[in-house]
2 protein chains.
Amino acid sequence: MESRNFLRFLLVFITAALVLLITWLHLPYGPPPDDSDLLDCTTNSPWCTTKNRFQYPKRPRTTPAQSFLKKPKKPAHRSHELDTPQHPLDPLTVQEINKVRKIIKSYHLFKSAPLAIHSLVLEEPDKTLVLRWQKGDPLLPRKAAVVARVKGHSHVLTVDISTGEITIQATGPLSGYPTMTMEDMTSAPWAPLSNLDFNRTIIERGVDLKDLACLPISLGWFGKKEENRRLIKVQCYSMKDTANFYMRPIEGLTVLVDLDTKQVVEISDKGKKIPIPKAADTDYRYSTVDVNQRMRMINPISLEQPKGPSFTVEDGHVVKWANWEFHLKPDPRAGVIISRAKFRDPDSGKMRNVMYKGFTSELFVPYMDPTDAWYFKTYMDAGEYGFGLQAMPLDPLNDCPRNAYYMDGLFVAGDGTPYVRSNMVCVFESYAGDIGWRHSESPITGMEIKEVRPKVTLVVRMAASVANYDYIVDWEFQADGLIRIKVGLSGILMVKGTSYVNMNQVTGQENLYGTLLSENVIGVIHDHYITFYLDMDIDGSDNSFVKVNIQRQQTSPDESPRRSYLRAVRHVAKTEKDAQIQLKLYDPSEFHVVNPTKKTRVGNPVGYKVVPAGTAASLLDQSDPPQKRGAFTNNQIWVTPYNRTEQWAGGLFVYQSQGEDTLAVWSDRDRPIENKDIVVWYTLGFHHVPCQEDFPIMPTVSSSFDLKPVNFFESNPILRMPPNVDKDLPVCKPAADA
Amino acid sequence: MESRNFLRFLLVFITAALVLLITWLHLPYGPPPDDSDLLDCTTNSPWCTTKNRFQYPKRPRTTPAQSFLKKPKKPAHRSHELDTPQHPLDPLTVQEINKVRKIIKSYHLFKSAPLAIHSLVLEEPDKTLVLRWQKGDPLLPRKAAVVARVKGHSHVLTVDISTGEITIQATGPLSGYPTMTMEDMTSAPWAPLSNLDFNRTIIERGVDLKDLACLPISLGWFGKKEENRRLIKVQCYSMKDTANFYMRPIEGLTVLVDLDTKQVVEISDKGKKIPIPKAADTDYRYSTVDVNQRMRMINPISLEQPKGPSFTVEDGHVVKWANWEFHLKPDPRAGVIISRAKFRDPDSGKMRNVMYKGFTSELFVPYMDPTDAWYFKTYMDAGEYGFGLQAMPLDPLNDCPRNAYYMDGLFVAGDGTPYVRSNMVCVFESYAGDIGWRHSESPITGMEIKEVRPKVTLVVRMAASVANYDYIVDWEFQADGLIRIKVGLSGILMVKGTSYVNMNQVTGQENLYGTLLSENVIGVIHDHYITFYLDMDIDGSDNSFVKVNIQRQQTSPDESPRRSYLRAVRHVAKTEKDAQIQLKLYDPSEFHVVNPTKKTRVGNPVGYKVVPAGTAASLLDQSDPPQKRGAFTNNQIWVTPYNRTEQWAGGLFVYQSQGEDTLAVWSDRDRPIENKDIVVWYTLGFHHVPCQEDFPIMPTVSSSFDLKPVNFFESNPILRMPPNVDKDLPVCKPAADA
């Protein structure tokens, strides 16, 4: 017995050693070194290292932390080392970030232990101060808002950059954790490789460890078991023979990892019999398309502006176009922040306030599969991953047309080092051939009138790639005062491995939790909710929210040959609960934000309306843990009184949060909102039942909503714009002939 | 007493004579001459006369009937006299129309009495024959479908053009009348001028008769009183000092006119105390804008294609672009008809059927004011006025961008004479800077991948000006197989005169029936419904309609940490009532048209889905006469079995119809629709509560819906398209420098 046991032990030992050896030999790059010190970006994290361990040919890695230090080739990067702030809302500069880092590091609380900076951004000055500030005034005192973790605690600090003073903000007993650092996200996927069982199961599934690609998946919150420690789930894919590893899941294998210690907590390994889908036809890169298969069906088409764009970007952040002016900045969490949006009144010539601040506050992306490896996929991409952190450099001529202006993001690594995300945002004028307004007289009157104005708009765009999915967020400004906020979904589906290769094997299609997209590949049903923060300031901060309900009115017996007509009944929302809106096609309303103290010449309150378009509503059970956390999607529209701490619809600390700090909780306080400084929240939704056209990469699906002037102007603000005439348009020839 | 009576008579007589004299002296042009004979277009109708009575400087009139006879200057018109049909669905040519007219005129039924041609279009060959026909085959026998009125009766005829044979179609006892002729619409507004009381009231209101502009307004149907005769209501405006007479209503004055005899039946004159709104600030023509007020804020921007467009138009009507091919023709009632839309499968290279025929079937535009001068305004613009008849020549560079292809409409006057509506439809490629698909790898994986494809589309556009309103209808074809059908609303509001000049005079705002837009001007609330006929033929004619219901599924107690998820449950519609769909945000579905006999490689039925976006539903009482007539708006989606007589959602004869021939009636027959040749009907809706920005002309408001491939392709059909590269794009300079 003894010897048998010994032999058994030897076998296990040798296998283990072998597996470990193979693991090390085949790693695309070694697991991150000692992660106990998060301070040194140059040593602790693959994504910001200077070492050449990422030269594995299939996975060349960018080095974002360096891009502001060295000159890349193309497109020309701006150096940001000498940037100085010009506007109270300008993001922190390289110098300011470096100063803040030094201040923090010497602060007593952080001296003794390793520190991780989860967020380091401008602490915006008080709204009243910003509203009063004018160009030429001295800059308002610069402060940084910092979220840092030390010794297992999250701290929210305000750092006064000039005085060096640090104020600790009380956050109360919030359940969640701050947005992950890039180091969290890039190091967690390698943690399982230190685990023997993990490596063994990978090899048993026929995947070479060098072909392994793993993703860090936020795990939501599902009760006690996962509380009081920062956790993450890691799932892996085979990247053999394709760049599109997402289509080759190692199904059912989920590794629970402690984010702070990078220890494997638990491995769930349930899909051993599920084959890894084939690589064929999954790659989407043009370089991999057979030359004979390339589809060159469309002649070049281009938006051309021979006299150049009509917009300017002043002082790096203030965009001026047509009658619009606004402040634009990248943000690590929100992506893009539009502030101080003002419109020059065509009659008075005066700038009029429209929106103090608008941005993507949170996303909620629940997948609809309750099984072990899927139930927890209920992403909140802004608060968990950083919607801006995931926004990658845009591709000129494809992501944005010619003449686009590109703006860099300046973000901060976990150790406090600033780094540049180049070309993160673009600004361009768009003309699709659409019509701003038109009228022809018809043969009925026979008058010879044909007046048409082309519609040109200004688009601010970013594209965030939250691992597989790509979110394209457009803020589109129209010359007539309308703002369209559009979200496009593209990128790659999160798919599930399956034994099925044909639907004729499936009984009860609903149990697939999705659509069979290809052999062994299921596209799992999911929703996307994108919640926008819209601090509207219509001609001043104090506004009211008015629901203009469109109701059927029956006529009285001898009133009219008509039995019914529709009337518009105005309800001014007194408190927050009056403004919790679920849209109904058969009980429609318009949603106005008005300035009750300012009227047009004929006495209508000036306003803007929120105009929903196609959208989707969350149908999850409200007691379901994901829906509690995503309770900000319980309504499509909410209105809250302005409160500078209420910016993130899912709460400040969303990661593993339990939903006690959401917009739904704030709104249920039912505070007064009439004639107050109010914030409107709008949620754009998508149900996504995947189809084969989404394989291996999805054609963009878009939806939008509008902020539209409603009695804001005395009359059509683009009445006096000129039509296009031939002599203004360019003369072009193919580049080849030039 | 006798002498007093005589004096009174004399006074009345002299006044009357004076008024009549003034009337004649001030008429912009004389009322139409004897209208008992509608046959001669050159004498009976202002809109097609050759006489110079329209040379009144403010109202130069076009002469559409002539435009194919003489050469206009710009843009270059095509001559259509020698056109010959090339495709079984090609519209009738000039020669064919002339032949049909001769055949009809010599037909016994029409020899003895004046005849009015209300419609004369191609009678499309049987679908089975068209589907079998291929280019190169002999053309199918050419027939004309004619709607003609003689001696107070409407006749529907089929004329065999080669044999001269006429077949009278039985229409049953339908209540309504055919679409008005242009002669009806242009002559009716002058009928009131023959009435003494009318002229007197106009002058009493301070309007010079030469400044009078009157509109022919379809009167709907509201019971016995207005049955059994063709009637119309005429309302008038002052065009003094503005081209935008619509903003200067002579409120409350409604003249009921017999459309056949042009006799005044009744005058309702109720708004005498309501002032006519001022002309100031109502004109919208650029020529009237003060040079210092012109807003040149945007540099020229243009869609440029240095190698020219990528589409071709073969044989005058077959459009080929990217993988799409379809037949396109103008139609006097529908506007634009798309037929035989096919897509070349990127894998097999074979053309696959998508849609046999699609067009705007009917519009319904109820105004929401139950008072005397407004209650009847419940327009059905296609069936009453002819949506195509009202589509005016497009304005190059403004209605459509450079490189657009323009197609003429060939229509038929009341006497059977063909005439050309030049540049009625345009076709162009659009690129707004949008993204077809994209993916970047994020810092999470760090792979250096950024693949983006620009999104270029092909747009087919027309713009119908139904008196005041302009409807822009776009059929937008995407390279990925999606068809977006978009309707834009612009033009001029139908407004109501009021004594109010400021809202502070108004108590109970709802009684305005709209919004005070300017002094004395109310924009009345109204809806727009545009119902599309979509004969989908997914890989063949026999298809099924599948409602894919997205439902919440509760998990069972120990199934999952999740309490709920969503699943997609497929319901195949067996009969028409299964497919009467009202959209609900909280009970969402996808709406698939599938070919149940054709599956993808992995076994999904091939299909397209109807994807609603922003829309509105009619809330009128279903027993309200307008809603009975517009009952096709009772649902957003309907599906009927293909029936060649069921094309017009409001019925064949919509004018004064009572609603017994609508889509709602057909659908309630509840015929089987599973695995049959089916037609999908989709209604796009708008509630329009006017706002001051709509004054004096409305910025375009758009909404759309999509027909989107769903498992129609094995995978993303635009996977292999190339990205933009700089060397393909043009080199441009301002025209002035050229």
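User: Let's start with Cys400(B) and Cys426(B): what joins these two residues?

Analyst: Happy to begin there! A disulfide is a covalent bond between the sulfur atoms of two cysteines. In this predicted model, Cys400(B) and Cys426(B) are joined by one, with an S to S distance of 2.1 Å. The two cysteines sit in distant parts of the chain, 26 residues apart. Cys400(B) is in the loop between helix H8 (381-385) and strand E16 (405-412) of chain B, while Cys426(B) is in strand E17 (residues 418-430) of chain B.

User: Is the disulfide of Cys400(B) and Cys426(B) left-handed or right-handed?

Analyst: Look at the torsion about the S-S bond. For Cys400(B) and Cys426(B) that torsion is about -95°, so this disulfide is left-handed.

User: And is Cys400(B) buried or exposed?

Analyst: Here a cut-off helps: a residue is buried if its relative accessible area is under 20%. Cys400(B) has 0% relative accessibility, so it counts as buried. Cys426(B) is also at 0%, and therefore buried.

User: How many disulfides are there over all chains?

Analyst: The count is five over all chains. Another one joins Cys214(A) to Cys236(A), again with S to S at 2.1 Å. The angle about its S-S bond is 105°, and the link is right-handed. Cys214(A) belongs to strand E5 (residues 212-217) and Cys236(A) to strand E6 (residues 231-238), both of chain A, so the pair ties together parts 22 residues apart in sequence. Cys214(A) and Cys236(A) are both buried.

User: Which residue is joined to Cys732(A) by a disulfide?

Analyst: The partner is Cys732(B), at an S to S distance of 2.1 Å. This link is right-handed, with 115° about the S-S bond. Cys732(A) lies in strand E34 (residues 730-734) of chain A and Cys732(B) in strand E34 (residues 730-734) of chain B, so this disulfide joins two chains.

User: Now for the wider picture: how many helices and strands does chain A have?

Analyst: Chain A has ten helices and 34 strands. Of its 738 residues, 66% are buried. You can also ask how far along the sequence the contacting residues are. Among contacts in chain A between residues at least 6 apart in sequence, 69% join residues at least 24 apart. The accessible surface of chain A is about 25,500 Å², and carbon and sulfur atoms account for 51% of it.

User: What about aromatic rings: how many aromatic pairs does the structure hold?

Analyst: A pair of aromatic rings is described by the distance of the centres and the angle of the planes. The structure holds 60 aromatic pairs over all chains. Take Phe222(A) and Tyr375(A): their ring centres are 4.8 Å apart and their planes are at 75°, so the pair is edge-to-face. Phe222(A) is in the loop between E5 and E6 of chain A, and Tyr375(A) is in the loop between strand E14 (351-366) and strand E15 (378-379), so the pair ties together parts 153 residues apart in sequence. Phe222(A), at 16% relative accessibility, counts as buried, and Tyr375(A), at 7%, is buried too.

User: Which residues form one aromatic cluster?

Analyst: Trp324(A), Phe326(A), Phe343(A), Phe477(A), Tyr608(A), Phe712(A) and Phe713(A) form one.

User: Where does the charged end of Arg294(B) sit?

Analyst: The charged end of Arg294(B) is over the ring of Tyr286(B), 4.2 Å from the ring centre. You can look for a lysine in a similar way: Lys377(B) lies over the face of Trp374(B), 3.5 Å from the ring centre.

Technical notes. Residues are numbered from 1 along each chain as its sequence is written. Chains are lettered from A and ligands numbered from 1 in the order in which they are written. This is a predicted model: local features need pLDDT of at least 70, side-chain atom pairs count only at pLDDT 80 or more; totals for chains, interfaces and linings use all residues. Side-chain values use heavy atoms; hydrogens and water are left out. A disulfide is a pair of cysteine sulfur atoms within 2.5 Å. Helices (H or I, at least four residues) and strands (E, at least two) are DSSP runs, numbered from the N terminus. Buried means under 20% relative accessible area, exposed over 50%, partly exposed in between (1.4 Å probe, protein chains only). Contact means heavy atoms within 4.5 Å. Accessible areas come from the Shrake-Rupley method with a 1.4 Å probe; for residues, only the protein chains shown count as cover. Rings of Phe, Tyr and Trp (its six-membered ring) pair if their centres lie within 6.5 Å; planes under 30 degrees apart count as stacked, over 60 as edge-to-face and the rest as tilted. A charge sits over a ring if NZ of Lys or CZ of Arg is within 6 Å of the ring centre and within 35 degrees of the ring normal.
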